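Morning, everyone. I'll take this one quickly, chain by chain where I can. Here it is on the screen.

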Number of protein chains: 6
Amino acid sequence: MIKETALSNNDRAAALIQALPYIQSFKGKTVVVKYGGNAMINEELKAAVIQDVIFMACVGIRTILVHGGGPEIEAMLKKTGKESRFVNGLRYTDEETMEVVQMVLCGKVNKDITLLIEQAGRKAMGLCGIDGAMLKARRIRGEDDLGLVGEIEEVDTSVLQAVLDSGAIPVVSSVAYGTGEDEGKPLNINADIAAAKIAAAIGAEKLLLMTDVQGILRNVQDPDSLIKKARRSELEGLKKDGIVSKGMIPKVDCCTLALDGGVKKAHIIDGRLPHALLIELFTDEGIGTMLER
Amino acid sequence: MIKETALSNNDRAAALIQALPYIQSFKGKTVVVKYGGNAMINEELKAAVIQDVIFMACVGIRTILVHGGGPEIEAMLKKTGKESRFVNGLRYTDEETMEVVQMVLCGKVNKDITLLIEQAGRKAMGLCGIDGAMLKARRIRGEDDLGLVGEIEEVDTSVLQAVLDSGAIPVVSSVAYGTGEDEGKPLNINADIAAAKIAAAIGAEKLLLMTDVQGILRNVQDPDSLIKKARRSELEGLKKDGIVSKGMIPKVDCCTLALDGGVKKAHIIDGRLPHALLIELFTDEGIGTMLER
Amino acid sequence: MIKETALSNNDRAAALIQALPYIQSFKGKTVVVKYGGNAMINEELKAAVIQDVIFMACVGIRTILVHGGGPEIEAMLKKTGKESRFVNGLRYTDEETMEVVQMVLCGKVNKDITLLIEQAGRKAMGLCGIDGAMLKARRIRGEDDLGLVGEIEEVDTSVLQAVLDSGAIPVVSSVAYGTGEDEGKPLNINADIAAAKIAAAIGAEKLLLMTDVQGILRNVQDPDSLIKKARRSELEGLKKDGIVSKGMIPKVDCCTLALDGGVKKAHIIDGRLPHALLIELFTDEGIGTMLER
Amino acid sequence: MIKETALSNNDRAAALIQALPYIQSFKGKTVVVKYGGNAMINEELKAAVIQDVIFMACVGIRTILVHGGGPEIEAMLKKTGKESRFVNGLRYTDEETMEVVQMVLCGKVNKDITLLIEQAGRKAMGLCGIDGAMLKARRIRGEDDLGLVGEIEEVDTSVLQAVLDSGAIPVVSSVAYGTGEDEGKPLNINADIAAAKIAAAIGAEKLLLMTDVQGILRNVQDPDSLIKKARRSELEGLKKDGIVSKGMIPKVDCCTLALDGGVKKAHIIDGRLPHALLIELFTDEGIGTMLER
Amino acid sequence: MIKETALSNNDRAAALIQALPYIQSFKGKTVVVKYGGNAMINEELKAAVIQDVIFMACVGIRTILVHGGGPEIEAMLKKTGKESRFVNGLRYTDEETMEVVQMVLCGKVNKDITLLIEQAGRKAMGLCGIDGAMLKARRIRGEDDLGLVGEIEEVDTSVLQAVLDSGAIPVVSSVAYGTGEDEGKPLNINADIAAAKIAAAIGAEKLLLMTDVQGILRNVQDPDSLIKKARRSELEGLKKDGIVSKGMIPKVDCCTLALDGGVKKAHIIDGRLPHALLIELFTDEGIGTMLER
Amino acid sequence: MIKETALSNNDRAAALIQALPYIQSFKGKTVVVKYGGNAMINEELKAAVIQDVIFMACVGIRTILVHGGGPEIEAMLKKTGKESRFVNGLRYTDEETMEVVQMVLCGKVNKDITLLIEQAGRKAMGLCGIDGAMLKARRIRGEDDLGLVGEIEEVDTSVLQAVLDSGAIPVVSSVAYGTGEDEGKPLNINADIAAAKIAAAIGAEKLLLMTDVQGILRNVQDPDSLIKKARRSELEGLKKDGIVSKGMIPKVDCCTLALDGGVKKAHIIDGRLPHALLIELFTDEGIGTMLER
């Protein structure tokens, strides 16, 4: 995964010591990682993320992994010959689709991540929003009915706290326990939002959103125009100026949600780089865009 | 589900009081329920099982639910067009099949049971043997290689104890964490055996195997020939005499495993009767066959 | 005690399941039972109360039993040839009378109940308001001096909480630790009031007053005129209308005291019916009158 | 009670400092005091015992008070006109007598001591062997049936430990919970033996038996012949030599029981001297006879 | 040390009993003793202080000993030939002087006291303000720069609480952890002030300042003019009237600091009398001057 | 201190990931570092050791620092003009010398290290063997009386465990609490031996002895002849062959003491290299000689 460069003992010690102030400052803090995109598909990147997450846990960061799993759901829908219905261009989640979503996220993606962490030597617990009724959601009622798609109404972090206290890493699928008219049914929820809501509810220090872009670029064409840091108050302006646009808008909105909920910092990082989590957390320079209150 | 008979208040109180000595004696004890068969398919029976399990938890029994899910796996394999390879008449679990097993058990069956318990008003935690590396298994090496099928080598009950201590009901899928040559892979395991091994490891008072038969019948043709109680030492004889035969053999072997592992009593009960669990646990007469050391 | 009717297993299971929602909702809640009247004299009723109380404790209700013991005090006063002095028709509690009160309540009635509970299989602790200075009282100074009769000024629930935490059932005699001019002397207190004050101080869910009447009747002559439920705000009206009158007035006042002190519900129930406590708590219909805020 | 001598501040400090090594060595140790005899009748002595017991508790000695109450029982029997039946000169405890014993010990004597301790500023808990089934006894079957008189078979110290942990002083009446043929009935037990059995069961450092004699005298006529210390192994000899005789025999046997049960030291002390407990525990010279293993 | 007078057992018991109400009222309270002056030089007085402190701890007072060590510092400066620089008559604490201060206080005086307490049979922990960053100070910036002399800005009592909880006696040297421009350097602080600040931060019941005077005298010439008690509000007046003057001013200011910080009582006591601490705490009369809010 | 090489983010991440397996395996383990030699004199090395120790603590290693301080003692003896007496070439530790040893070690060296750790952002507690009577020693009685020099007889690790549990780093001076004829006196002890004894008593994973040599060299002239690993059983042979000789003998004996006391591994490492601790613990290659059972 990472290029094995010939590091001397001196270099290795220097690297550890450079990481020390970050390690000291994050000790005992909670960090929520939204795991997704290429980092969840490419085997090398996947292995690196697992190492990063274990490193984080080892130095005392209470690390929570939240994941979705779009491509795997897509593949399974295709495999089972399920035809999708679309409402104004958006897929409608009927019961049959929800069954696949739940099965793939909670049964496949979630347990596979859990297996990888345990194989790498640390206990993990594969959970979803249904377990301990951790995430309670209500069906979204927008202009178009999208079916069994929910928005989170309540987060009960007691299960997560207990898992973290035990030293294991919680891995959380973005499936919620339905309330209201859908009481007791599973609801599909957006994984980015789930991560942000969990981060806010648990009082996380940081939310790390793994994406397939570099971060917020002032000029999308120019990789050197990365905005390394922005305040909550500047985000509206960036949207108005068209700098935050298209696919970046929901990412930024998700970070805003976290910041407004009390999370100290929300990072949009480039999951295509191996060890993006470690580099963002433990080096002076970092990568990606950091948003703060 | 249950026939609503016109019970007077006097009757109701009498029923509660008759249950009292059983409630007193099971308080704080652990009971493992292997949930399966018709009781998992028929909606009415399903609802009754959930009520029974919640009743058990409410009166202080530390209740663990272990489940398999043969029919749902079968259905999904068919749906995805997966052709099965057979070895001497037994299905070979290749990687693709295992993927379906894991997905259906951990993602569908497990979370559906969890949803039902929570809808009925009690916290539940849907887990499998991978979570917290609760069940470690090694590939079975018999005469025929059956692929990713494991036998349990190690049970770590710490996660279950923590869940029980928190007041939630653990629901456990029969998928294990592979060790040895299959280190880090999921392995398919027999759910009856998983329940027996968990019962032994956690020092359970009882193992309740839900089946689709009445119990051990002296004469399979005669429903009145039910053996209500037998000792561990009599089981070999019952096999030799052909009384325990065919499909009953693995059930009895599973109970033997539990008894030899220290479980006080193992019950083979008829899951086709509504509230079979309650009746077995809280009435003088009980139903099914009770095996004891 | 209860008429042994021929209940089928189906009936028994139905009765348990009907009780389940009540069991679920009372779990971990505190219920104070004022035990008295016929239920304390008739041996069959007595045995039924003990069973009810143990059932309550078994399903997780933190149950406290408070008792007086008028008839037994009366009998002992007679036996020891103690002549009573009356003030405006009310007995004056001189030191010698108080000695008998204390002896009979704390030494006889209290320990006899404790014995019965333990014989039925659960730990109990026989206490009075003196122990751990649980109930501190000051002599009532009304128009007539009634001697060593007190009104509770302070309730220290720490002993009760510790007993409940240990799983035992506290049985409490209505004798208090005197303060003020009677510092260090025992004072006689009203058991109904003691139960209400304890219920308020410990934040009880319910106060159950066992009486020798059906509850509040709209027409005392008509047993079918039972008021099953009334709000705190309606009670004044019921008094004015003469519906709550005579002996019912102090019972209702006692419930009011509890409700005003934060107890959710106060029940006046008919202790002459066997298992009145179970029926009131665990059936839809209930018996007696429930008062709520 | 104690003669108020004119002590200078220097004297007072000297007295405290002389007590210091004893205070240091008894800290956290458990001491069982059998309270009885004159010290329980004379008001001045009584007040001094209460002060001593509170002093002991204050300097960290886990102090348990066990008491009987012969004279008060006698008086109440007389008062209620109960005629006693005698068997070979020993009183037969029939049910009616037992009722009086229980009532007087648990209701009168026990709560009066509790009141005194609390008035002197420390929490106390008045208990008997029935509470929490602390003392389980079986009817003594000797040559003569003496009725409801028991010998202790089992001591459950958990209640005592909890009371001591809470900082309160347990006060224990010598009434036990009957088992065997007397299951659930109260049984009268010897208070000295109860104290010795409790001391052994709880692993006490010391048993202090308060008596109305000076201790073991080599020559009963000569108060200067007090044996200040004897070993367990010498006791048989002292009996043979007639030095331990008559009423001293059961006292010594009781101490032997304690020593054989693991208690470090058993003291026979003169309860007729004010502050005998303090003097025995906290001065170099002490009073009475100390028996050790 | 103390004159061994011939105390009878009666006298000894009387002395203990007279101390009892004080023992009862101080149990579990925290008392900070500023140890200094003659009581730290004279061997007999020193031994008596150690006994007093152990007695205090034994009867449940959470006792903290704070000390300076002027004379020993002086001696070592002389021994090492260090010449002192003076600023307007006050010694300037340069780095070399500070090194000696730290070494003598934390290494010599502190550990010697610790040794004495342990030799007398109780665990002690020798600490200074640097340990666990218990005392954080900033260099005093008055008219004259006095060098490495600090005033306390922050007291972290967690270490002290942990030591007290473990049953050991904390012994604290008046050296602080420097902050601001002296970050990470040791700073010399006034021991009286350190004791007062610790007393306030930990919510002490009492501060006992050991001095070489009798207390506040109305007329310094007249030993019989001792003011035994004064309120915080009277102190300004006493200063104006010249009754509190010269060396008494900083002592009184230090007590004021404690009282204003929430300490209940601050005592100026005469450390030249053996067992001054015991006499002040456990006798009716006491010695010295008690200041209260 | 360390050469600041231009490490890329990729390099940095690689270094952290290479350290991960070591971090995982040492988590929660106890490591005792004997700090001494050049690493305690050279300012750069000193700073690096502090960083290393904080890094160790941050990644969950329970780290204990034990130190002596020969050169500083020497300097202070000279400064105070104390003339040394020698016995067969070894310095005799008289009371005056011991006073200096105690003062310098516990007051100067110990608190200076404590200051450095706290300045670098982690709590530390400066202690010696006197505190909590952690190290009890008896005067060595060899051929020559060396005065107040002790050998450790008993290690009480409770203080160290409490400090480690609180998250602080204990820093321990090699001064012990004297017993036997020197009861209550301080005794000088060898810091290497103190570290080994503490490591054994606390069940440490590792003892790291910082020295001024490379480790055990097969040929002292040849730095490439370093023995990287040796078993306990080979050590006698290495001594016989003269490979372990002179100053290396006591170092190896000290390691043997630790290994025989249950410590898993003892390392002789070269404290002259910056970050020797980190390199030894967290890189594949390591430095120095590792001795194991």
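Chain A and chain D share no contact; their closest C-alpha atoms are 29 Å apart. Chain D and chain F do not touch either, with nearest C-alpha atoms 17 Å apart. Keep in mind that this is a predicted model.

Now chain A and its annotation. UniProt, in an unreviewed entry, puts "domain: Aspartate/glutamate/uridylate kinase" at residues 29–270 of chain A. Over that stretch, the chain is 37% helix and 24% strand. The C-alpha atoms at its two ends lie 22 Å apart.

The unreviewed UniProt entry also gives a "binding site". Which residues does it list in chain A? They are Gly69(A), Gly70(A), Arg91(A) and Asn188(A). I'll take two of them. Gly70(A) sits in helix α3 of chain A. Gly70(A) is partly exposed, because its relative accessibility is 43%.

Arg91(A) belongs to strand β4, residues 90–91 of chain A. At 24% relative accessibility, Arg91(A) is partly exposed as well. Setting aside neighbours within four places in sequence, the contacts of Arg91(A) include Glu74(A), Leu77(A), Phe86(A) and Leu146(A). With Glu74(A) there is a side-chain to side-chain polar contact, at 2.7 Å.

Next, Thr80(A). Where is Thr80(A) found? In the loop between α3 (70–79) and β3 (86–87) of chain A. Is Thr80(A) buried or exposed? Buried, because its relative accessible area is 13%, and the cut-off for buried is under 20%. The side chain of Thr80(A) reaches the backbone oxygen of Leu77(A) at 3.2 Å. Across to chain B, Thr80(A) is in contact with Met76(B), Lys79(B) and Thr80(B). That list leaves aside neighbours of Thr80(A) within four places in sequence.

On to the cysteines. How many disulfides are there over all chains? The count is 0. The cut-off is sulfur atoms within 2.5 Å. Take Cys254(A). The closest cysteine sulfur is in Cys255(A), 5.6 Å away, so the pair is too far apart for a bond. Cys254(A) is buried, at 1% relative accessibility. Now Cys58(C). Its sulfur is 13 Å from the closest cysteine sulfur, in Cys58(B), so that is too far for a bond too. Cys58(C) is also buried, at 1% relative accessibility.

Last topic: two helices. Start with α1(F), residues 9–26, which has 18 residues. At 1.5 Å a residue, α1(F) should span 26 Å. The end C-alpha atoms of α1(F) are 25 Å apart, so the two values agree. α1(F) bends by about 40° at Leu20(F). A proline, Pro21(F), follows within four residues. Of the 18 residues in α1(F), 13 are buried, so the helix is largely enclosed by the rest of the structure. After α1(F) comes Gly28(F), with a positive phi near 80°.

Then α4(B), residues 95–119, with 25 residues. The expected span of α4(B) is 36 Å, and its end C-alpha atoms are 34 Å apart, which agrees. α4(B) bends by about 30° at Val104(B). α4(B) is mostly covered, with 19 of its 25 residues buried. Just after α4(B), Gly121(B) has a positive phi of about 105°.

That's my tour. Over to you.

Terms used:
Residues are numbered from 1 along each chain as its sequence is written. Chains are lettered from A and ligands numbered from 1 in the order in which they are written. This is a predicted model: local features need pLDDT of at least 70, side-chain atom pairs count only at pLDDT 80 or more; totals for chains, interfaces and linings use all residues. Side-chain values use heavy atoms; hydrogens and water are left out. Contact means heavy atoms within 4.5 Å. Buried means under 20% relative accessible area, exposed over 50%, partly exposed in between (1.4 Å probe, protein chains only). A polar contact is a pair of N or O atoms within 3.5 Å; within protein, one must be able to donate a hydrogen and the other to accept it, and residues adjacent in sequence count only if both atoms are side-chain atoms. UniProt positions are given in the numbering used here, feature names are shortened, and annotations may be inferred rather than shown by experiment. The expected span of a helix is 1.5 Å times one less than its number of residues. The bend at a residue is the angle between axes fitted to the seven residues ending there and the seven starting there.
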